[in-house]
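Here is a short report on one protein model. Look over the sequence and the structure first, then read on.

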Amino acid sequence: MPHFDLCVIGSGSGNSLLDERFNKYKVALVDKGVEGHFGGTCLNVGCIPTKMFVRPADLAYAYDEATRLGVRLEPGQADWDQIRDRIFGRIDAISSSGRDWRIQNENITLIEGEGRFVGDHTLGVAGGKLTADRFVIAAGSRPHLLQVPGADEVTVHTSDTIMRLAKLPRSMVIIGGGFIAAEFAHIFSSFGVKVTVVNRSAALLRYEDWQVSQRFTELLSKRIPVRLNQQLLRLEPDEGGVLVVTTDAEGIEYEYGAEVVLNATGRIPNGDLLNLSATGVAMNAFGYVEVDDQQRTTAEGIYALGDVSSPWQLKHVANHEMRVVQHNLLHPDDPISTNHDAIPHAVFTHPQIASVGATEQELQAQGRDYVKSVQDYGAVAYGWAMEDTEGFCKLLACPHTGVLLGAHLIGEQASTLIQPLIQAMSTGLRAREMARGQYWIHPALTEVVENALLALPLEGYEREPDPVDE
């Protein structure tokens, strides 16, 4: 039975942990792959390929906005084969070269297969066993599967498989109302697919701030059929595809037929696949591996990071946790802790959505004092030039200190515009000092952030008038 100084389970952020500082260690890297590919969710089926699809989707959808501004464009026509093959031709090459690089590392043994603990610090994998002094569990997550009658009788795609379709379907039903559903609804409808979204709750993106969720639900509903407050009842084979049968609160049944069904009901952590109890690692009630602020599990010498232990399921969070684990492995006598304050996220749908900090409904539930401001894109020069009637920046702040509590944007470039607000929340920079302590380029779209900061009704400050263009 081979013994290692360190065993890392997972080739996403766990793989990134193993830099040249670990050259003196004997390391096992255990990888079961993602849909047969080396590397984690982000590279193969998540952040990177989805955004590579979003870009051509944005271009295909541009005709709608162009028409309003007097530019005549035809509705986008997607060459699915070219788009798909360009994307995965690049991504699969990165995955393959990453695998080859690890095989060449003299101190690292790549073991391909699904590992399960069979004893204390003992992992069974690829028909054998290994032991290690220390483990890092970075096993990621997987799509939540539908548990309804007929789900095993038809083909149901997830975000892991939908991007490699052999051909572009004519119609698609997307089940779910979170960020996966929002992004793929934009992608496929932009490519000319007749998309219907079916969601069990009363709004899409319901974990966003309520005004963002409401605005996005309204906008997508104008673009494609969105069926709310409907519970999935069963799936049936249908000529040329799948029949999706739902029911509402009154028991009325609805049927939606499509060539392709996409299950976008979320992802679950992979900890339950590892038999963690055999080595003393505990999981919480939601299936995540329990860790402390140093990313240590309940078992001595075993750490966890990323989607397997993080409810945020965000690559930038996994990378931060990876750096903490990396440091703590190399410097056990001088450990550091993770910082999970001001975690931002973005949804690359149309329009874009970005958020950091608390939502208004969360502040209300906590009984916290707050003030808010909402600045429309169309009220600043660049937004006016765009004739934008949809986007806005919403800020929440403490009325006594001016410290930002939350920031929520929906609209053009939201994922970029939010960055100075993330920085302010991370450093404690107050709203008025942020607004007046620097230049804001005129007439850039960043003025929507500046004006939202100035509009906050903070104690001790009077509302400053907006500058008048000369």
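## A kinked helix

Helix α3 has a kink of about 35°, and the kink is centred on Y61. The model is predicted, so keep that in mind throughout.

How far apart should the ends of α3 be, at 1.5 Å a residue? The helix covers residues 47-68, which makes 22 residues, and the expected span is 32 Å. The end C-alpha atoms lie 31 Å apart, so the two values agree. Just after α3 comes G70, with a positive phi of about 90°.

## What α3 hides

Which residues of α3 are buried? They are P49, T50, M52, F53, V54, P56, A57, A60, Y61 and A66. Y61 is thus on the buried list, and the kink is centred on Y61 too.

Other helices help to cover these buried residues. Among them are α2 (41-44) and α4 (80-104). The cover also includes α5 (179-190) and α6 (210-223).

## A four-stranded sheet

Now turn to the strands. Four of them form an open sheet, in the order β10-β9-β8-β14, with parallel pairing. The edge strands are β10 (226-227) and β14 (260-263), and each of these pairs on one side only.

Take a look at one edge. Strand β9 (residues 194-198) runs parallel to β10, and two bridges join them. V198 stands opposite R227 in β10.

## The annotated span

UniProt, in an unreviewed entry, lists residues 4-318 as "domain: FAD/NAD(P)-binding". In the model, the end C-alpha atoms of residues 4-318 are 24 Å apart. Helix makes up 27% of this span, and strand makes up 25%.

Conventions
Residues numbered from 1 in each chain as written. Predicted model: local features only at pLDDT ≥ 70, side-chain atom pairs only at ≥ 80, totals over all residues. Heavy atoms only, no water. Pairing = 2+ DSSP bridges. UniProt positions renumbered as here; feature names shortened; annotations may be inferred. Expected span 1.5 Å × (residues − 1). Bend = angle between axes of the 7 residues up to and from the residue. Buried < 20%, exposed > 50% of the residue type's maximum accessible area, 1.4 Å probe, protein only. Contact = heavy atoms within 4.5 Å.
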